[in-house]
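Visitor: I am new to protein structures and would like a close look at a single part. Could you start with the first chain and then follow it to whatever it packs against?

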Amino acid sequence: MNTSRFYFFSFLVLFLAQVLLFRPVQLWGEVHLLVYILFPLLFNQNANKILVLFLSFALGLLIDLFSNTIGLHSSALLFIAFIRPTVLAFFRFKPNGSQILIRFSELTFYQVISYLFLMICIHQIYILILNHGSQLSGIHLLSGLKNSLFSLLTIRVVAYLFEPKKNSY
Amino acid sequence: MQNLVHFILKYRFTFLFIVLQLVAWWLWFSQHVFYSYAFSNGTNAIVGTVSEQQATLDSYWSLDKQNADLASENLRLQAEILSLKHQLFEQTDQIDLHSSETNTTFIKAKVIGQTKRQGNLYLTLNKGTADGISEEAGVLSPKGIVGRTLYVSEHYSLVMSVQHQRSHINVEVGSKPWIGTLEWELDATGYCSLRSINQYAQVDIGDSVFTNPYSTYFPDQSFVGTVETIALKEQDQFFTIQVKLNQQLNELRHVYVIQNALKSEMQTLENQIIDEY
């Protein structure tokens, strides 16, 4: 699979997974598994950041169409895609050769979890602020934390599926 | 000019972000856009079909619970039939079995989507104008009241549930009965507040709450829920009553839309007062 195809492949897989598999699942009626956040987080510094930014917005918009929240997820995912290069620089992940994907298996457990959890939390807080504004309360933050923790678990598992094989992208 | 182009190209990542972010915010904060989309969303052909398929899949997961609910409803209906038969037997000549006096039709529909926006809960149903549903029609479930239709397209409808800050429903409680308004406060999932009940009213915890004849959307005596807590704040003439809804909306699958053929006629008549006086 060549590089440009990979952007669209992961876009499509995460979109279908979110809409068909994870959107209907609400653990205990309240926890939402937000797997689509993984899309911008898959790529390292070598990836075309403009393309990732644009595709993140498009993915968010598609998710919005299916959850009656037009503008909410697109804005949040766009924000994540925007801060991604800065956060990557902060974590000092070194890209391996010319591949565009982060190879999670080569990082330590704490590096992977802290990177994913930080991004998921930022995304969740962004959504909460946009959705509830000044009415934001402790209950919302608690549910946001639950969403983040369970999304983190799911995303860690899903990220394995995208793990590049040696000598590929 | 060349400098400007150079500047934009240099910071194209940031510029693209700002432009797309403004678009997203505009979509999100503009109410008009939301409503037109919310409507087309739950209701447009592709999304509607996918939602419908998902709802079918969902209903398999909750079949056990649905079965139990149906069985208990069946039992209640059987008991009702028995008692009605008994009444009929006792006073055959006094019972009017002709039920068209209310001119109401019940249309069965399936809940295919739930949306929360700013805490308010909306439901999408798989029936629309083609099935005889109009806007502002009441929605009931076998266990209690659900809400009223807000927008209706040919095959789908969007319902504003009782868990909505703009929902106000006329209800009654207790033996007298005492009349009040059922409202919803943010985040009180499964509960509503009963307002305008005078502090001298005799209301106890566990009392049943029903709709009353003044309710435009629901038939008289539709079950709402039971009184959970009663409080009286200082220098307040009215009780603060919390009502536990009998129908928990997050597990809702099947509903009935109440279509009153004469409602528009009634409203036209009532509106004349506003026009004339």
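**A close look at chain A**

Guide: Chain A has an accessible surface of about 7800 Å², and 69% of this belongs to carbon and sulfur atoms. Such areas come from the Shrake-Rupley method with a 1.4 Å probe, and for residues only the protein chains shown count as cover. Before we go further, please keep in mind that this is a predicted model, in which local features need pLDDT of at least 70 and side-chain atom pairs count only at pLDDT 80 or more, while totals for chains, interfaces and linings use all residues. Residues are numbered from 1 along each chain as its sequence is written, chains are lettered from A and ligands numbered from 1 in the order in which they are written, and side-chain values use heavy atoms, with hydrogens and water left out.

Let's begin with the overall plan. Chain A has six helices and two strands, where helices (H or I, at least four residues) and strands (E, at least two) are DSSP runs numbered from the N terminus. Follow the sequence and you will meet them in the pattern α-β-β-α-α-α-α-α. Of its 169 residues, 52% are buried; that word means under 20% relative accessible area, with exposed meaning over 50% and partly exposed in between (1.4 Å probe, protein chains only). Among the contacts in chain A with a separation of 6 or more, 75% join residues 24 or more positions apart. A contact here means heavy atoms within 4.5 Å.

Now look inside. The largest nonpolar core holds 52 residues, and A:L38, A:F43 and A:Y115 have the most contacts within it. (Such a core is a set of buried Ala, Val, Leu, Ile, Met, Phe, Trp, Tyr and Cys residues joined through side-chain atoms within 4.5 Å.) At least two residues of this core come from each of α1 (3–22), α2 (38–41), α3 (49–67), α4 (72–91), α5 (109–132) and α6 (138–162) of chain A. Take A:L38 as an example: setting aside neighbours within four places in sequence, A:L38 contacts A:L14, A:I155, A:V158, A:A159 and A:F162.

Two further residues make a nice contrast. A:S56 sits in helix α3 of chain A and is buried, because its relative accessible area is 0%. Beyond its neighbours within four places in sequence, A:S56 contacts A:F39, A:P40, A:L77 and A:A81. A:N96, on the other hand, belongs to the loop between α4 and α5 of chain A, and its relative accessibility of 36% makes A:N96 partly exposed. Although A:N96 and A:N44 are 52 residues apart along the chain, their C-alpha atoms are separated by 9.3 Å. With neighbours within four places left out, A:N96 is in contact with A:R103 and A:E106.

From here we can follow chain A to its partner. Helix α2 of chain B covers residues 12–29, and two helices of chain A meet this helix, starting with α3(A). The axes of α3(A) and α2(B) lie 10 Å apart, and the packing angle is about 10°. Axes are lines fitted to C-alpha atoms, for helices over the stretch in contact, and angles run from 0 to 180 degrees between N-to-C directions. So α3(A) and α2(B) are roughly parallel: that term covers angles under 35 degrees, with over 145 roughly antiparallel, 65 to 115 roughly perpendicular and the rest oblique. On the α3(A) side you will find A:K49, A:I50, A:L53, A:F54, A:F57 and A:L61. They meet B:R12, B:F13, B:L16, B:F17, B:L20, B:V23, B:A24 and B:L27 of α2(B).

Helix α5(A) approaches α2(B) too. Their axes come within 11 Å and cross at roughly 45°, so α5(A) and α2(B) are oblique to each other. Here A:Y126, A:L130 and A:N131 of α5(A) make the contact with B:Q21, B:W25, B:W28 and B:F29 of α2(B).

Finally, a quick glance at the partner as a whole. Chain B contains six helices and 12 strands, and 38% of its 277 residues count as buried. Its exposed surface is about 16500 Å², with carbon and sulfur atoms supplying 56%. In chain B, residues 24 or more positions apart account for 59% of the contacts with a separation of 6 or more.
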